[in-house]
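Biologist: I'd like to walk through this protein with you, one small question at a time. Could you show me the sequence and the structure first?

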Amino acid sequence: MRNTTRYPVHGANPLWQMYKTVSFWKVMKNFIVIQLARYTPFLSLKNWLYRTFLRMEVGEQSAVALMVMMDVMFPEMIKIGRNCVIGYNTTILAHEYLVEEYRLGEVRIGDGVLIGANTTILPGVTIGDGAIVAAGSVVYKDVAPGTFVGGNPMQVIREGNV
């Protein structure tokens, strides 16, 4: 099960009420920084942007590929370990808005993790050290250290040190 905190809303769905949840100006700043980082080919500059302006934790020598989309509302809830590779066009979410509630959850990616291209990581998920996530996967629950997972829905392909 994902580790998220639920916040019920009344009346219109949470997207109609989003600026009660998070400041418009914070979202605008985050959007601009994320868009700059998505197209920046310099990994050290990209990591500096994430650390400095989004308050994300990004480990040394981690590589976030072109077009990766970080959570635009709560990027500070994303923690990436050292020496990771986050593949092209991956989306990492720390929030989800539903019809009658919204949920927030920290995303923790351990050290030495490989995330394949076009993967979606949902809020409240922990991906253990040395894990591998196949391209195109939807990570909807925790991934044990050293485990190889893939698919939609995500399934364990191989356990242990891969």
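Biologist: Let's start with helix α3. Which of its residues are buried?

Modeller: One thing up front: this is a predicted model. A residue counts as buried when its relative accessible area is under 20%. In α3, the residues that pass that test are K46, N47, L49, Y50 and L54.

Biologist: How wide an arc do those residues cover around the axis?

Modeller: Think of looking down the helix like a tube. The buried residues sit on the same side of α3, because the arc they cover is only 155°.

Biologist: And what do the buried residues of α3 pack against?

Modeller: Contact here means heavy atoms within 4.5 Å. Going by that, the buried residues of α3 touch one helix and three strands. The partners are α2, β2 (57-58), β3 (63-64) and β4 (69-70).

Biologist: How far does α3 reach from its first C-alpha to its last?

Modeller: Helix α3 covers residues 43-54, which is twelve residues. At 1.5 Å a residue you'd expect 16 Å, and the model comes close to that. The reach is 16 Å.

Biologist: Let's move to α2. How far apart are its end C-alpha atoms?

Modeller: Helix α2 has 16 residues, so at 1.5 Å a residue it should span 22 Å. The distance in the model agrees with that. The end C-alpha atoms are 23 Å apart.

Biologist: What covers the buried residues of α2?

Modeller: The buried ones in α2 are V27, N30, V33, I34, Q35, A37 and R38. Their cover includes α1 (18-21), α3 and β4.

Biologist: There's also a nonpolar patch on the surface. Which helix gives the largest share of that patch?

Modeller: The patch is made of Y19, F24, W25, M28, F31, I32 and L36, with about 750 Å² of accessible area together. F24, for one, is partly exposed, with a relative accessible area of 35%, and F24 lies in helix α2. Six residues of the patch come from one helix, and that helix is α2.

Biologist: On to charges. How many salt bridges are there?

Modeller: You look for a side-chain nitrogen of Lys or Arg within 4 Å of a carboxyl oxygen of Asp or Glu. E60 and R51 make one such pair, with their closest N and O atoms 3.8 Å apart. Counting this way, the total is nine.

Biologist: Take the salt bridge between E106 and K79. How many residues apart are the two?

Modeller: Their side chains meet at 3.8 Å, N to O. This pair links distant parts of the chain, with E106 in the loop between β9 (101-104) and β10 (107-109), and K79 in strand β5 (residues 78-80). The separation is 27 residues.

Biologist: Is K79 buried or exposed?

Modeller: Let's compare each partner with the cut-offs. E106 is at 30% relative accessibility, so E106 counts as partly exposed. K79 is at 12%, which is under 20%, so K79 counts as buried.

Biologist: Which residue has a side chain that meets E106 in a salt bridge at 2.7 Å?

Modeller: This partner counts as partly exposed, at 40% relative accessibility. The residue is R108.

Biologist: Which residues are joined into one network by salt bridges that share partners?

Modeller: Here one bridge leads on to another through shared partners. The network joins R2, R6, E96, E101 and R103.

Biologist: Now for the backbone. What is the phi of M67?

Modeller: Most residues other than glycine have a negative phi. M67 goes the other way, although it is not a glycine. M67 sits in the loop between β3 and β4 and is buried, with a relative accessible area of 14%. Its phi is about 70°.

Biologist: And which residue joins P153 through a cis peptide bond?

Modeller: Most peptide bonds are trans. P153 lies in the loop between β16 (148-150) and β17 (155-158). The bond in question has an omega of about 5°, and the partner of P153 is N152.

Biologist: Last one. How far apart are the C-alpha atoms of A131 and L45?

Modeller: A131 lies in the loop between β13 (126-127) and β14 (132-133). At 0% relative accessibility, A131 counts as buried. A131 and L45 are 86 residues apart along the chain, and their C-alpha atoms are separated by 25 Å.

How values were computed:
Residues are numbered from 1 along each chain as its sequence is written. This is a predicted model: local features need pLDDT of at least 70, side-chain atom pairs count only at pLDDT 80 or more; totals for chains, interfaces and linings use all residues. Side-chain values use heavy atoms; hydrogens and water are left out. Patches are made of residues with over 30% relative accessible area and no salt bridge: like charges are joined within 9 Å, nonpolar side chains (Val, Leu, Ile, Met, Phe, Trp, Tyr) within 5 Å. Accessible areas come from the Shrake-Rupley method with a 1.4 Å probe; for residues, only the protein chains shown count as cover. Helices (H or I, at least four residues) and strands (E, at least two) are DSSP runs, numbered from the N terminus. Buried means under 20% relative accessible area, exposed over 50%, partly exposed in between (1.4 Å probe, protein chains only). The expected span of a helix is 1.5 Å times one less than its number of residues. The arc is that of the directions from the helix axis to the C-beta atoms.
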